[in-house]
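Please open the structure in your viewer and keep the sequence beside it. The tour below goes from one selection to the next and says what is to be found at each stop.

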Amino acid sequence: MTHVNWSFETKAVHVGSEPCPQTGALVSPIYQTSTYTFKSTEEAGNIFAGEQAGYVYGRVSSPTQHELERKIAALEGGEACSAFASGMAAIASVCTALLESGDHVICDTVVYGGTYGLFEKIFSKYNVEASFIDTSDIEKLTNAIRPTTKFVYLESPANPTLKVVDIAEVSNVCKKHDLQLIVDNTFMTPYFQKPLELGADIVVHSATKFMGGHGDLLAGVVVGSERFIKEELHDPLTKLGGIISPFTCFLVKRGLQTLALRMEKHNANALEIARYLEGHSKIKSLAYPGLESFSQYELVKKQMSGYGGLIAFEVVGGLKNGQVFCDNLKLIQLAVSLGDVGTLIEHPASMTHRSVPIEERRKHGITDGLIRLSVGIENATDIIGDIEQALAKVETKGAE
Ligand SMILES: Cc1ncc(COP(=O)(O)O)c(C=O)c1O
């Protein structure tokens with residue numbers, strides 16, 4: 001049986017985690033080295049020319065990195081993968097690979113603040129223009145396409161509102177206009193959603209989140225065709241220097257071995273907590289893709305096999321009461337990032353999405369009082385208990 005036929009869980013445990021062929025060690029070693037030696041200048045020349053397999057320098061790759069990349073490519077169902085030092089290093093490298101001065105990109109209005117800032121503050125300096133639109137509106141999307149448009153970039157579900165975009169539908173538009181579709185799959189992970197199967201060309205992740213899963217590393221990955229990864233992405237990877245360390249590769253690999261188990265628990269806990277919040281008198285608005293009341297529930301069922309661990313909500317009384325709620329939590333930690341084993345909460349307007357102009361934020365549902373909860377794998381009753389005691393401190397008399 002080849003790994004192609006294995007189920008997700010089996011691939012997650014075994015692909016890229018084979019025993020060490022030299023020593024028989026069950027867990028292969030971390031190749032913690034900055035450079036590699038050659039037997040002769042001839043061998044060095046052949047390896048540098050790509051005519052012979054081998055490693056040359058830590059900023060180019062390492063065996064531990066290759067193992068991680070094989071595992072992630074197998075899980076996303078892509079031909080190849082490249083790992084980076086962070087999600088932003090991965091996204092910036094993909095953009096650098098695809099864009100030239102004079103190009104135009106279409107990016108969804110609801111994306112991670114750092115991604116918004118990358119187009120708005122960095123690529124704008126190199127004469128690359130970005131149109132921020134709601135990519136789930138196919139008419140708007142089609143109208144935004146220009147002769148210079150290179151790609152469409154989206155997250156689904158999006159950070160932080162959890163808006164879902166029909167990836168297959170957007171992919172059809174992209175194919176018609178010869179555009180690449182890049183999907184950030186951080187929130188779902190390949191366990192619950194496979195954008196390449198839905199028609200995306202390139203998938204990116206902040207592996208800092210669910211893939212690593214334990215809040216102890218920063219990493220990013222890109223999955224796509226062999227040609228894109230090996231030829232087009234190679235220069236940005238090695239020349240911009242956003243290389244991932246061998247030790248971090250080891251940690252992400254280990255995290256991925258339990259991804260399926262963790263995602264099931266994140267999902268089950270989040271659904272239970274969302275149902276609790278749905279009936280609470282102090283909750284003004286709530287978004288969780290697993291609730292029948294979620295506005296895009298039918299689309300969720302169509303393209304995702306689970307709902308994930310993220311919940312977005314607003315407390316009655318908006319920003320002020322949201323702050324009272326967050327400040328009174330005891331178990332749940334106030335911190336950016338998500339997808340960790342422990343439950344985290346954050347306030348996008350003052351934290352992750354601060355770089356998005358206030359009018360833009362408000363227009364697209366990132367209200368001043370919006371709170372993003374990343375549900376961990378603790379006991380759901382304990383998490384609900386913490387939410388309950390913090391909500392009890394919120395005064396809602398006269399508040400809207
Ligand atoms: C959806 C999404 N994409 C990308 C990133 C950037 O990843 P990193 O922090 O690993 O650079 C984040 C970070 O929060 C994110 O939430």
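A residue is called buried here when its relative accessible area is under 20%. With that cut-off in mind, and remembering that this is a predicted model, begin by selecting helix α3, which runs over residues 63–76.

**First stop: helix α3**

Colour the buried residues of α3, which are P63, T64, Q65, E67, L68, E69, K71, I72, A73, A74, L75 and E76. Since 12 of the 14 residues of α3 are buried, this helix is largely enclosed by the rest of the structure. Its length can be checked as well: at 1.5 Å a residue, the 14 residues of α3 should span 20 Å, and the end C-alpha atoms are indeed 20 Å apart, so the two values agree. Step just past the end of the helix to G77, where phi is positive, at about 75°.

**Second stop: helix α11 beside α3**

Keep α3 on the screen and add helix α11, residues 246–257. Two packed helices are described by the angle between their axes and the distance between the axes. For α3 and α11 the angle is about 30° and the axes lie 8 Å apart, which makes α3 roughly parallel to α11. The crossing of these two helices is left-handed.

To see where they meet, show the side chains of T64, Q65, E67, L68, K71, I72 and L75 in α3, which contact P246, C249, F250, V252, K253, L256 and Q257 in α11. Sorted by class, the residues in this contact are eight nonpolar, three polar and three charged.

Now hide α3 for a moment and look at α11 by itself. This helix is mostly covered, with nine of its 12 residues buried, and those nine are P246, T248, C249, F250, L251, V252, K253, G255 and L256. What lies over the buried residues of α11? The cover includes α1 (8–14), α3 and α12 (259–278), so selecting these three helices would be a useful next view. The length of α11 can be tested in the way used for α3: at 1.5 Å a residue its 12 residues should span 16 Å, and the end C-alpha atoms are 17 Å apart, which agrees.

**Third stop: C95 and the pair α4 and α5**

Move next to C95, which is found in helix α4, residues 87–98. Is C95 buried or exposed? Its relative accessible area is 1%, and C95 is therefore buried. If you leave aside the neighbours within four places in sequence, C95 is in contact with L118, F119, F123 and F151. Of these, F119 is a good residue to select together with C95, because the two stand 24 residues apart along the chain while their C-alpha atoms are separated by 9.1 Å.Widen the view to take in helix α5, residues 113–122, which packs against α4 at an angle of about 30°, with the axes 11 Å apart. The crossing of α4 and α5 is right-handed. The residues that meet are M88, I91, A92 and C95 in α4 and G114, T115, L118 and F119 in α5. By class, this contact has six nonpolar residues, two polar residues and no charged ones.

**Fourth stop: the loop between β4 and α7**

Select the loop between β4 (149–155) and α7 (167–176), where P157 lies. Most residues other than glycine have a negative phi, and most peptide bonds are trans. Against that background, look at the bond that joins S156 and P157, which is cis, with omega at about -10°. Further along, the peptide bond from N159 to P160 is also cis, with omega near 10°, and P160 is found in the loop between β4 and α7.

The loop between β4 and α7 also holds L162, which has a positive phi of about 75° although it is not a glycine. At 2% relative accessibility, L162 counts as buried.

**Last stops: T189 and Q296**

Go on to T189, which lies in helix α8, residues 189–192. Phi of T189 is near 65°, a positive value in a residue other than glycine, and at 1% relative accessibility T189 counts as buried.

Finish with Q296, in the loop between β8 (283–287) and α13 (297–303). With a relative accessible area of 19%, Q296 is buried. Not counting residues up to four places away in sequence, Q296 touches K163 and V164.

How values were computed. Residues are numbered from 1 along each chain as its sequence is written. This is a predicted model: local features need pLDDT of at least 70, side-chain atom pairs count only at pLDDT 80 or more; totals for chains, interfaces and linings use all residues. Side-chain values use heavy atoms; hydrogens and water are left out. Axes are lines fitted to C-alpha atoms, for helices over the stretch in contact, and angles run from 0 to 180 degrees between N-to-C directions. Helices (H or I, at least four residues) and strands (E, at least two) are DSSP runs, numbered from the N terminus. Angles under 35 degrees count as roughly parallel, over 145 as roughly antiparallel, 65 to 115 as roughly perpendicular and the rest as oblique. A crossing is left-handed if the near helix is turned anticlockwise from the far one by less than a right angle, and right-handed if clockwise. Contact means heavy atoms within 4.5 Å. Ala, Val, Leu, Ile, Met, Phe, Trp, Tyr, Cys and Pro count as nonpolar, Asp, Glu, Lys and Arg as charged, and the others, Gly among them, as polar. The expected span of a helix is 1.5 Å times one less than its number of residues. Buried means under 20% relative accessible area, exposed over 50%, partly exposed in between (1.4 Å probe, protein chains only).
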